[in-house]
Amino acid sequence: MANSFRSELAHKKAMFALLTNEALTHKFPPAERKAISDHVPWTRLVAAGKTTYHGKTIDLQEFILKHREKLVLKPNDDYTGQGSFFGWEMNDSGWERALRQAMRAPYVAQEKVEPARSVFPLNTDGGLEFRDMRVDVYPQAYRGKILSCSSWVSWGTTAAFSTSAGLAPTFILEGSK
């Protein structure tokens, strides 16, 4: 366990900004850099100034404004999705207001990631229905190993709460050796 149960380190999205900053990760072993690039979305703390995006120097505010369709602005210290702004769901003026708000509080800009989806059975008023749902998996690690996970399924575009969303049983099936 990295921190006590009172720690909120896992809620800090700025951790992803550290992992996707080439200036900080250039000394990581190649396999780790590949794993990061394959699984961690590009993330930066929202602030005035320059940064990098896939090896190119950019003005962060200008980049955020120009690329709303592939970015989300998220509070750094929240885990619910509340207070997040999804650029692809907004118009230009709404996105500009969201950026102004993000400049006043700790927010991150993060590249959009297509969520994993799968079909789940739902018990509805009309009977059993099969619906394509978004799946968010939250791994739990202990002593450096992933030992379990919880999965949240939802039918919307975000992992927000709805009456047809919730925790789903998660099974890890391993083949015989």
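**Close-ups of two sheets and some charged pairs**

**View 1. Lys12 and Asp77 pair up across the chain.** Lys12 is partly exposed here, with a relative accessible area of 31%. This is a predicted model, and in it the side chain of Lys12 meets that of Asp77 in a salt bridge, at 3.1 Å from N to O. The two residues sit 65 apart in the chain, and the pair links distant parts of it. Lys12 belongs to the segment before helix H1 (14-19), while Asp77 sits in the loop between E4 and E5. Asp77 is partly exposed as well, because its relative accessibility of 40% falls between the 20% and 50% cut-offs. As background, side chains of opposite charge can pair when their charged atoms come close. The whole structure holds 9 salt bridges, and views 4 and 5 pick out two others.

**View 2. The open sheet E1-E6-E4-E5.** Four strands line up here in that order, and their pairing is antiparallel. At the edges you'll find E1 and strand E5 (85-86), each of which pairs on one side only. Further in, strand E4 (residues 71-75) and strand E6 (residues 107-111) run antiparallel and are joined by 5 bridges. To find your way around that pairing, start at Lys74 and look across to its bridge partner in E6, Val108.

**View 3. Arg44, a buried arginine in edge strand E1.** Strand E1 covers residues 43-45, and Arg44 is part of it. Is Arg44 buried or exposed? It counts as buried, since its relative accessibility is just 4% and the cut-off is under 20%. Its side chain has a polar contact with the side chain of Thr20, at 3.0 Å.

**View 4. Glu114 with Lys112.** These two form a salt bridge in which the closest N and O atoms are 3.6 Å apart. How exposed is each partner? Glu114 is exposed, with 60% relative accessible area, whereas Lys112 comes in at 31% and counts as partly exposed.

**View 5. Arg131 with Glu129.** Here the closest N and O atoms of the salt bridge are 3.0 Å apart. Both ends land in the partly exposed class: Arg131 has a relative accessibility of 26%, and Glu129 has 29%.

**View 6. The open sheet E7-E8-E9-E10.** This sheet also has 4 strands, paired antiparallel in the order given. Strand E7 (116-124) and strand E10 (166-168) each have a single partner strand, so one side of each is left without a neighbour in the sheet. From one strand to the next, the twist averages 45°. Within the sheet, strand E8 (residues 127-142) and strand E9 (residues 145-154) run antiparallel, with 9 bridges between them. A handy landmark is Val137, whose bridge partner in E9 is Ser151.

**View 7. A nonpolar patch on the surface.** Which residues make up this patch? Val119, Leu128 and Phe130 do, and together they give a nonpolar surface of about 350 Å². Phe130 lies in strand E8. It counts as exposed because its relative accessibility is 57%, which clears the cut-off of over 50%.

Technical notes:
Residues numbered from 1 in each chain as written. Predicted model: local features only at pLDDT ≥ 70, side-chain atom pairs only at ≥ 80, totals over all residues. Heavy atoms only, no water. Pairing = 2+ DSSP bridges. Axes fitted to C-alpha atoms, helices over the stretch in contact; angles between N-to-C directions. Patch = residues over 30% accessible without salt bridge, like charges linked within 9 Å, V, L, I, M, F, W, Y side chains within 5 Å. Areas by Shrake-Rupley, 256 points an atom, 1.4 Å probe, with all protein chains shown as cover. Buried < 20%, exposed > 50% of the residue type's maximum accessible area, 1.4 Å probe, protein only. Polar contact = N/O pair within 3.5 Å; in protein donor to acceptor, adjacent residues only side chain to side chain.
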